[in-house]
Each structure stands twice: as C-alpha cells, then as structure tokens.
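Me: Could you take a close look at one helix in this structure and walk me through it? I am a first-year student, so plain words would help.

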Amino acid sequence: MGLEGRETAGQPRVTLLPTPNGSGLSQEFESHWPEIPDRSPCVAGVIPVIYYSVLLGLGLPVSLLTAVALGRLATRTRKPSYYYLLALTASDIIIQVVIVFAGFLLQGALLARQVPQVVVRMANILEFAANHASVWIAILLTVDRYTALCHPLHHRAASSPGRTRRAIAAVLSAALLTGIPFYWWLDVWRDADSPSTLDEVLKWAHFLTVYFIPCGVFLVTNSAIIHRLRRRGQSGLQPQVGKSTAILLGITTLFTLLWAPRVFVMLYHMYVAPVHRDWRVHLALDVANMVAMLNTAVNFGLYCFVSKTFWVTVRQVIHDAYLPCTLAPQPEGMAAKPVMEPPGLPKGAEV
C-alpha cells in the first residue's frame, strides 16, 4: 500500500518519481525526480532489510501452513469462521508477497527504487487492495461472531458455506475496486511541505478504510460480545468463551495495537513535521512500518495457543508432507504390498 520507509542509506541521488504530488497529469510523470534537499538520514541502516527478510522467510511458510490447515478445517466442518480465517490468511500472504517482498525488499533494498513509475502505481493498487481485504474480512468475522452470540437463532438460519463464500467474494471484489484510486498515491518521501488536495484525500481515505472505521466496528461489536458474556455470568450461566470468539478478540486487539503507530506517525508527518525533514520522524515511520507488518505473521501463534483443534490439524499437515519423504524407494521390479498382513492369516491373504 505504498508503505513508506523503503529507502536505505545507499540511495542514489536521482530516483524515479513513484507518483506525482498533484491531481493533474503533466510531463513530469515520465521524468526523473531530483532528490529532495536536506533529506533526513536513514538512521535505521540495514536493520529494516534484515527484519523484513526474516519476517518473509519465517512468516510466508507459516502463513502457507496456516492456509492449508484452515482449508482442511473449513472443508471438514463447513463452519463460517474457518472460511473467514482462511480468507484472512490468504490476504496476509498477498501482503507478505506484494508489500514485504516486492515493495520493501525488491523495490526498496535491491533496486533502490529504480523502478518504472507505472509498475509502482500498479503495485500500489495490489498493496492497498490486499490491506483492505485483510481488514474487511476481519470485520466479517467480527459480525459473524456477534450474530452467533447475540442472535443465535438468526445465525443458525442464515449461516451457510455458500453465503459465507459469497460474502468473502464480495469483500475481495470491493477491496480490489477501492484499491484503484490509490494508483495516484504519493508516498511520504515525495510529499511537499504542503500536500496537494488529492494527496491529503487519499491519505485520509487510507486512514478511515483500514483503521478508524474498522477499529470502530471492532470496538462496538467486541464490547457487545463481552457484555453478553458478562450477562450470562450474572444470570448464573457459565460464560463460556468459544475458541472462535477468543481468536476474534485476539485478532482485532493485535491489529489495533500493531497498526496504531503507523497511523499516528503518518498523521504527525502530514500536520507537524515531514518525514524527509526530521530524522526522528523518519526513524519512527521505519519502526512503525515494521511493527504493522508483524501483524501478517502473528496469527499462527494465536491460533495454536487458543485452538487445540487447529494445532492438531497443523501437525497432521506437517506429518502428511513429511511422510512421503521418509518412504524408502522400492527397488526396480519389486512392488510394495498395498496393505499390511495381520498375524495369524495365511501368507498372501489381505484384509
């Protein structure tokens, strides 16, 4: 999503302009953009590159393992919550590939931002669409859990795998469409001291769609869920917190905490001190981006901690993947017996 902070200390003096800082088209789009004078130094050095490399190297395999396990659980149980978690994991995988790998590591560290601007703009659409999809699917999961706890009869009548898949497809389509306007996103490294109207509108649209509005939904629905559980406890019923509800509370809490630094640093950049003028804001944004991207890799640990069923399924997936590697190859001309022969049966008899 144009997550800023991709420059390293060895950035060349001339770079390509990712997007113009204005609402109108001009010939400057195809020209080189000179380096902004008095640019704040990148005091983080190579630490972000190392961090994102580790995050991608560990987070992507874990996310793929999570997706396989959730796919098995969704197929086996046909519960809407597993479909939502599977879609959420798929969105996180896209974020890791498009933003962490293609954005931070490939474009920022390896190519030093020497990338044609049309490629950067198209990548912006995918980055923002992936972020919108991840957050909005979490909203679907929140609404599903709220309906299941507060309106159980309606949830049983309306819930079905087909309806869940249609809701996910609608959210993914909406996420892709809402990512198109961010083709004209200008990252903070090219902001003027007074951002253009288009630039400010896009940044506020970003804040509202991926943080403030979703956090408002999370706050309202999670408060209603907790209030419902407390009422059950006061009425003498044991307020059991289901695993899906516990996972929901964990996902929304982690998202709110991990994304808060980035949003507030961006606001500080817009209205107090630009990133490219103050090394402290520069460093704060680097750290905030690293913390925000951690959100794509922590859900696996949460699922394993809360759900024994998920952990058992993960072990089965690993066992199934490891088993073919441990089978010794058969010599040519010899065929393995398809089944075992229990003791006591004549030689050659099979069950």
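Here is a look at one helix and its setting.

Reply: Happy to help! Please keep in mind that this is a predicted model. Let's begin with the setting. The protein chain holds ten helices and two strands, and the two strands come before the helices when you read from the N terminus.

Now to the part itself, helix α3, which covers residues 117-150. Its 34 residues reach 49 Å from the first C-alpha to the last, close to the 50 Å expected at 1.5 Å a residue. How many of the 34 residues of α3 are buried? The count is 27, so α3 is largely enclosed by the rest of the structure. "Buried" here means under 20% relative accessible area. For the protein chain as a whole, buried residues make up 45% of the 351 residues.

A general point helps when you look along any helix. An α-helix has 3.6 residues a turn, so residues three or four places apart point the same way.

The UniProt record, an unreviewed entry, adds another layer: it places the feature "transmembrane region" at several spans, among them residues 125-146. Two other spans with that feature are residues 49-70 and 204-225. Residues 49-70 are 100% helix, with end C-alpha atoms 30 Å apart. For residues 204-225, the end C-alpha atoms also lie 30 Å apart, and the span is 100% helix.

Finally, step back to the chain's contacts and surface. Among contacts with a separation of 6 or more, 83% join residues 24 or more positions apart. The protein chain exposes about 18000 Å², and carbon and sulfur atoms supply 67% of that area.

Methods: Residues are numbered from 1 along each chain as its sequence is written. This is a predicted model: local features need pLDDT of at least 70, side-chain atom pairs count only at pLDDT 80 or more; totals for chains, interfaces and linings use all residues. Side-chain values use heavy atoms; hydrogens and water are left out. Helices (H or I, at least four residues) and strands (E, at least two) are DSSP runs, numbered from the N terminus. Buried means under 20% relative accessible area, exposed over 50%, partly exposed in between (1.4 Å probe, protein chains only). Contact means heavy atoms within 4.5 Å. Accessible areas come from the Shrake-Rupley method with a 1.4 Å probe; for residues, only the protein chains shown count as cover. UniProt positions are given in the numbering used here, feature names are shortened, and annotations may be inferred rather than shown by experiment. The expected span of a helix is 1.5 Å times one less than its number of residues.
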